[in-house]
Structures are given as C-alpha cells and as structure tokens.
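User: I am new to this structure and would like a close look at a single part of it. Please choose one enclosed space, tell me what surrounds it, and say how far the model can be trusted.

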Amino acid sequence: MKFAWIDIRSVAPAQVAAVVDAAIHARLDGIVDSRTEILATLPPTMRKVLLPAGSDARKHQEPDSTPAEDGPTASPVDLVAVPVTDDAELNGLRLKHLSGEKGATAYVEVIDQYTLDLACGAASVLPYTVVNFRDPTKIPLEIVIAAADRSEGQLVCEVTSLEEAEIVVGVLEKGSEGLMMAPTGADDVFRLAELLAIRTEPLDLTALTVESIEHSGMGDRVCVDTCTHFEKDEGILVGSYAHGFVLCVSETHPLPYMPTRPFRVNAGALHSYTYGVDNRTNYLSELHAGSTVLGVGADGRTRRIAVGRVKLESRPLLTIRATSPDGIEVSLTVQDDWHVRVLGPGATVLNVTELKAGDQLLGYTPTDKRHVGWPVAEFCI
C-alpha cells in the first residue's frame, strides 16, 4: 500500500489549516514542514516530518543532533529528513542508523550522476529516503527503485502534481513506496488520497453452463488491443447483458496459420458490454485508445489495463447462450471462427466453434441493473 506525505512548506498560509485538516481526514501518512512549532501541533496519528533548511539542516547533520525518541525531552517530530549532498553527509546518516536511529532519513536532490549515486546509496541502507528529481525523465527513478529493491527502507519520491504522482506509483510496476507533494489546496489532498486508494478487487467468478450455440449471420466484431501482455489464464469479461459476462481469453495461446498476439482479446460484437473498473460497464463500441479495461484472471484476480487500439471488422457471428447455477441467463455474441476462445473452469481454453450444450464456461454475474454503465437500483429486464 502506497503512502503520502503532504509538504506544507510552500502552501499559502491561508490554505495551510485546510490542507492539514484534509490530510488528517484522508488518513494520509504524514505532514512535512521546516517549522518544528507547526509540526508539534499535529495529532499523534499524523507522522511529523521535519525538512530543515539552511543552517538548521547543517545542525541535524551533526552526530549529537539526533532527536530523543522518548522521555521528557522527546522531539516534537517523528522524522528529520536531512539534506544529503555528498558522501560525508550520507556516511553520517549511515552511522546514525547503525547507532540505533530507527528513523534515519535522507533528502537527496538528484541533478547528476553523482547525486543519483547518493540517492541509490541512501535508499539501499536507510529507513527512509526522500528523492527529488530535477529532470522530467523517470529513468533516474527507475535506477533508484532498482537499487532499493532488496532494502527494507522506504523510498519517497517528491512530485509536483497529481499527474506526476500517478506516473510515479507505476514506475517499474512497483513505484516508490511513498509520495511527497505540495498541494495547492485541500482538493489536491483528497485527490491524492483517491489516487493511492485505487485498486481493483478480485471477482468471484462462477461456472456457466452452455445451453445453446447458433450462427447469427454477419455483424461487426471488436478486437481490443491493449498496452500489455495478458497472462495465459487472463482476459476480459464480455456479455450481451449487464448482468452476465463470459471470460474471453486473449490471443496468448498458439494458433495455426497466424502468430500469437498476447495483447489482444477478440472480444465480441460491438453492442456487447465489457465489465470494467469501479463496477462499471462499457459497450465495446465505446472503447478507444487510452480507455481502461479490467483484466481478469481465471482465479478472479483483476488489474487495470490500458487500451492501445480498438479494431472493428465485419465477420460472421456466433451467439452463445448459457446459464449460471442460480438460473441467470448469459449471452455472448462473438466472431464465428475457431481461433476465438473463451475460458472454462481451471483456465481451460475453449474454442467457441467447438462449444456444445452442457459445456462449462467461466463467467461473472453481477446483480446490479445499469444506466449508462453505472449500477442503479431500478426495475429493468
């Protein structure tokens, strides 16, 4: 789970109280400031991170400046992020950590190869390393993430916007453990909290029993080409009704006469729904480059997947009708061709033209009725 620190050093004075309140209510991890007296006013549930400047920063680099952790002289802050600009300062923090300072924290501005090496060194040994990257490329961040991969410490990346935050959390499929951002107001705090909370819940898939297969004549079918490789037991959920979907597998498995296309799902006729993120459905006809679909595994695991292209062509169609164990009717219209496949229980790969009554398919049967893709409690057949 990612965490975030809200940096209030540059927040307009009139906005500070609202920003801090928003961070507390959103249950973010910490507040960063250069003023000890401000941090001392925060509740104990909020981590208080001091990022000193100028002569104050140099004081905290001295060996005897470690804040007491308990007793009557306990520090009003939880962490002191000490600016590190050379090997001597990094070695000083390492010594503090080896001497028992559990929260030894470095702040490194990466502007060249030397400071990048400092950031890698800090992230590989210290409990916390905050990194600010001058250049917009994410290559240095990838290098630091790789250097810290086996470390037990926490890497915190300073970002300047919510857009950058969204990119950073996905770098190398891992991102930094934490983010530090200076918001313009309380809205940015809540939006950052929403970004960190984004995750896809697993689905409880069910076995559907095929009732009938019939040829449906010509129509337009949609291939969804994504920006990722699907796993062999993974695809997207597609169906003619919003209350029932079949798990359509990607073209990851070998096919005669053509190469595999592990980024593609030959999904179904353009009228079909696909079950997506946030319990919302979309018509296949609505998908476009940049859309998001929900990748679903045979075990019910899910993940967000970006669409790179949608390919619509006229082809002969086949309609599959099936029912769930509780009698819910499910329908799927797909291209009438042997190479189009769906998944059965145990991730069995099934060619749609070879299906017959009694066969089992993997599917999902949400109970919500829909209006423009959103679940709604209304009468609808």
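Analyst: The structure holds 3 cavities of 30 Å³ or more, a cavity being a set of points on a 1 Å grid over the protein atoms alone where a 1.4 Å probe fits but cannot get out. This is a predicted model, in which local features need pLDDT of at least 70 and side-chain atom pairs count only at pLDDT 80 or more, while totals for chains, interfaces and linings use all residues. Residues are numbered from 1 along each chain as its sequence is written, and side-chain values use heavy atoms, without hydrogens or water.

The part to look at is the second largest cavity, which encloses about 40 Å³ of space (the volume filled by probe spheres set on the grid points, joined across faces, edges and corners). Its lining (residues with an atom within 4 Å of a point) includes Val-249, Ser-250 and Glu-251, which follow one another in the chain, and likewise His-339, Val-340 and Arg-341, with Asn-266 joining them. By character, the lining of this cavity divides into 2 nonpolar, 3 polar and 2 charged residues: Val-249 and Val-340 are nonpolar, Glu-251 and Arg-341 are charged, and Ser-250, Asn-266 and His-339 are polar.

As for trust, the protein averages a pLDDT (the predictor's confidence in each residue, from 0 to 100) of 88, and 88% of the residues score at least 70. Over residues 63–73, however, the pLDDT is below 50, although this stretch has 15 contacts in the model beyond near neighbours in sequence (heavy atoms within 4.5 Å).

Definitions and conventions: 1 Å grid on protein atoms, 1.4 Å probe; cavity = no way out; pocket = protein on both sides within 12 Å on 5 of 7 lines; lining within 4 Å.
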